[in-house]
Amino acid sequence: MTPAEEAFLRRAIELSGEAHASGNPPFGSLLVGPHGDVLAEERNTTITDGDISAHPEQKLARWAARELDAETAAATTMYTSCQPCGMCAGAIDRSGLGRVVFALSGDQLATLKPPGTGFPAVPQEGPALFDEARVPVEGYYRPSTS
Ligand SMILES: [Zn+2]
């Protein structure tokens, strides 16, 4: 990792401290564009916004998908204080961003939390009603042109 990348990660850690100080979970992230410029920064605001999806990575992935053209997004890196959770990883995959660099891993974060602070998995049932459920899907997806 280069000194410049470490500086961006340190900024993400600083943003995580700002999130903590504002009463939110301690996570922060930023996007760095193709020319090394900071495009956007976010902090976790799940508590103050009353929004379980207000993780900084999620907010930045949505911003990138909305505001960046595909070429710029692909050359943009997300620096984040902690490895993205499953929800955010899915949004990042859909955003077209080129790369993620994180400080704490999810496993390292788990060692810093008291027992019982995770989210229990919700049981899922299916598949069912394939012949009916396939009807609105058929014809929607087309082979990618790129
Ligand atoms: Zn997340």
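Leaving aside neighbours within four places in sequence, which residues is Pro84 in contact with? Keep that one in mind while you look around; point 6 comes back to it.

1. **What you're looking at.** A quick heads-up before anything else: this is a predicted model. The protein chain has 146 residues, and 27% of them count as buried. Along its principal axes, the C-alpha trace spans about 55 × 40 × 30 Å. If you count up the secondary structure, you get seven helices and four strands. Walk along the sequence and the pattern reads α-β-β-α-α-α-β-α-β-α-α. As for contacts between residues at least 6 apart in sequence, 49% of them join residues at least 24 apart.

2. **What the record says.** UniProt, in an unreviewed entry, puts the feature "domain: CMP/dCMP-type deaminase" at residues 3-114. Over that stretch the chain is 51% helix and 21% strand. The C-alpha atoms at the two ends of the stretch sit 33 Å apart.

3. **The sheet.** Try tracing the strands next. Four of them make an open sheet in the order E2-E1-E3-E4, and the pairing is mixed. Why do E2 and E4 each have one side without a neighbour in the sheet? Strand E2 (38-43) and strand E4 (99-104) stand at the edges with a single partner strand each, so one side of each is left free of a neighbour in the sheet. From one strand to the next, the twist averages 15°. As background, strands of a sheet pair through backbone hydrogen bonds, in either a parallel or an antiparallel way.

4. **Two pairings to compare by eye.** Start with E1 and E2, which run antiparallel and are joined by five bridges. Gly28 stands opposite Arg43 in E2. These two strands form a hairpin with five residues between them, and Gly36 in the turn has a positive phi of about 80°. Now look at E3 and E4, which pair in the parallel sense over five bridges. Here Tyr79 has Val101 in E4 as its bridge partner. To get from E3 to E4 the chain passes through H5, and this β-α-β crossover is right-handed. Another bridge partner to find in E4 is Phe102, which goes with Thr80.

5. **The nonpolar core.** The largest nonpolar core has 21 residues, and Leu30, Leu31, Ala61 and Ala64 touch the most other members. Several elements give two or more residues to this core: helix H1 (3-21), strand E1 (28-32), helix H3 (56-67), strand E3 (77-82) and helix H5 (86-95). H1 gives the most, with four residues. Ala61 is a good one to click on: not counting residues up to four places away in sequence, Ala61 touches Cys88, Ala91, Ile92, Ser95 and Leu97.

6. **Back to Pro84.** Pro84 is found in the loop between E3 and H5. Is Pro84 buried or exposed? With 23 other C-beta atoms within 10 Å, Pro84 is buried, because the cut-off for that label is 20 or more. And here's the reply to the opening question: beyond its neighbours within four places in sequence, Pro84 is in contact with Glu57, Ala89, Ile92 and Val100. For a sense of distance, the C-alpha atoms of Pro84 and Ser22 are separated by 21 Å, with the two residues 62 apart along the chain.

7. **Asp51, in another loop.** Asp51 has its place in the loop between helix H2 (46-49) and H3. Asp51 counts as exposed because it has 12 C-beta neighbours inside 10 Å, and the exposed label covers 12 or fewer. The C-alpha atoms of Asp51 and Arg99 are separated by 26 Å, and these residues are 48 apart along the chain.

8. **The loop between H6 and H7.** Have a look at the backbone here. Pro127 is found in the loop between helix H6 (106-112) and helix H7 (130-133). The peptide bond joining Gly126 and Pro127 is cis, with omega about 0°. Leu129 has its place in the loop between H6 and H7 too. Phi of Leu129 is near 55°, which is a positive value in a residue other than glycine. Leu129 counts as exposed, with 8 C-beta neighbours inside 10 Å.

Conventions. Residues numbered from 1 in each chain as written. Predicted model: local features only at pLDDT ≥ 70, side-chain atom pairs only at ≥ 80, totals over all residues. Contact = placed C-beta atoms within 7 Å. Core = buried A, V, L, I, M, F, W, Y, C linked by C-beta atoms within 7 Å. UniProt positions renumbered as here; feature names shortened; annotations may be inferred. Pairing = 2+ DSSP bridges. Axes fitted to C-alpha atoms, helices over the stretch in contact; angles between N-to-C directions. Right-handed = clockwise from strand over helix to strand, strands pointing away.
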